[in-house]
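Hi,

Here is the structure I promised to pass on. Have a look at it first, and my notes follow underneath.

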Amino acid sequence: MTTLTPQKPATPQPAGDIPAPAATPRNGSWQQLIDAVRESGQYPTRSEAESVTRVVLCALGGHIVGDERVDLARALPEEAARVVASQIPVTRGLTAAEFVDSVAARIEGATPATARWDVSSVLAVLPELVGDALVTRILAQLPPGYALLFGRAELSPA
């Protein structure tokens, strides 16, 4: 699997003779994200991986609100952040199965099984890119069942 290493934010330098460092890029590039999704989902082309990534992030963007949405957009590469942030929040949250079905409806020829693969191929690379803590906060906003789509076990209280 392609490794996406989070970047540390640039720290401001005191005024003086030392120039301020250039702004640190977001966590990885759009191409690194697409390559990670391509590898995760075993897609034959970068174009297919990019298409699936856009559809899944677009669908996810409407379901994440508040600080988690802002933090997710900040943590993603710029192109991915625009896809997430441009979505209007949904009025009714979807179960994980409904979410997968909504993605299947957006991908020509997709079935629920292929859409689940597509969703998991994209969402499973996010924890490494944006961090486990943010993914945990995102999952707290979503109905039960989404953890598996992010490649995590879904633990239920005893």
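**Helix α3 and what covers it**

Let me start with helix α3 (residues 66–75), where Glu68, Arg69, Leu72, Ala73 and Ala75 are the buried residues. Around the helix axis they take up an arc of only 165 degrees, which puts them on the same side of α3. Asp67 and Arg74 sit on the other side of α3 and are exposed. The cover over the buried residues of α3 includes α2, α4, α7 and α8 (132–141). Please keep in mind that this is a predicted model.

**The overall picture**

Zooming out, the protein has nine helices and zero strands, so if you write out its elements from the N terminus you get α-α-α-α-α-α-α-α-α. It has 158 residues, and 39% of them count as buried. If you take the contacts with a separation of 6 or more, 63% of them are between residues 24 or more positions apart.

**Helix α1 and its neighbours**

α1 covers residues 30–41, which makes 12 residues. From first C-alpha to last, α1 reaches 16 Å, close to the 16 Å expected at 1.5 Å a residue. Its buried residues are Trp30, Leu33, Ile34, Ala36, Val37 and Gly41. Looking down the axis of α1, you find these buried residues within an arc of 160 degrees, so they line one face of the helix. That fits the general rule: an α-helix has 3.6 residues a turn, so residues three or four places apart point the same way.

And what do the buried residues of α1 pack against? They pack against α2 (46–61), α4 (78–85), α6 (112–123) and α7 (126–130).

I looked at the α1 and α2 pair in detail. The two helices pack with their axes 9 Å apart, at an angle of about 100 degrees. With 65 to 115 degrees counting as roughly perpendicular, α1 and α2 are therefore roughly perpendicular to each other. On the α1 side, the contact is made by Trp30, Gln31, Leu33, Ile34, Asp35, Val37 and Arg38. On the α2 side, the residues are Arg46, Ala49, Glu50, Thr53, Arg54 and Leu57. Trp30, Leu33, Ile34 and Val37 also appear among the buried residues of α1.

**Gln42, just after α1**

Gln42 follows α1 and has its place in the loop between α1 and α2. What made me stop here is its phi, which is positive at about 55 degrees although Gln42 is not a glycine. Most residues other than glycine have a negative phi. Is Gln42 buried or exposed? Its relative accessible area is 63%, so Gln42 is exposed.

**α5, α6 and the aromatic pair**

There is another helix crossing to look at, between α5 and α6. Their axes come within 8 Å and cross at roughly 100 degrees, so α5 and α6 are likewise roughly perpendicular to each other. From α5, Phe99, Val100, Asp101, Val103 and Ala104 meet Pro112, Ala115, Arg116 and Val119 of α6.

Phe99 turns up again in the aromatic pair, and the structure holds one such pair. The partner is Tyr146: the ring centres are 5.5 Å apart and the planes are at 55 degrees, so the pair is tilted. Phe99 is in helix α5 (residues 96–106) and Tyr146 is in helix α9 (residues 146–149), so this pair, 47 residues apart, links distant parts of the chain. Phe99 and Tyr146 are both buried.

**Two more residues**

Ser120 is in helix α6. Its relative accessibility is 15%, so Ser120 counts as buried. Apart from neighbours within four places in sequence, Ser120 is in contact with Leu148 and Leu149. Those two residue numbers fall in α9, which runs over residues 146–149.

Ile88 is in the loop between α4 and α5. With 72% relative accessibility, Ile88 counts as exposed. Its C-alpha is 7.7 Å from that of Gly61, and the two residues are 27 apart in sequence.

Over to you!

How values were computed. Residues numbered from 1 in each chain as written. Predicted model: local features only at pLDDT ≥ 70, side-chain atom pairs only at ≥ 80, totals over all residues. Heavy atoms only, no water. Phe/Tyr/Trp six-rings, centres within 6.5 Å; stacked < 30°, edge-to-face > 60°. Helix = DSSP H or I, 4+ residues; strand = E, 2+ residues; numbered from the N terminus. Buried < 20%, exposed > 50% of the residue type's maximum accessible area, 1.4 Å probe, protein only. Expected span 1.5 Å × (residues − 1). Arc of directions from axis to C-beta. Contact = heavy atoms within 4.5 Å. Axes fitted to C-alpha atoms, helices over the stretch in contact; angles between N-to-C directions. Parallel < 35°, antiparallel > 145°, perpendicular 65-115°, else oblique.
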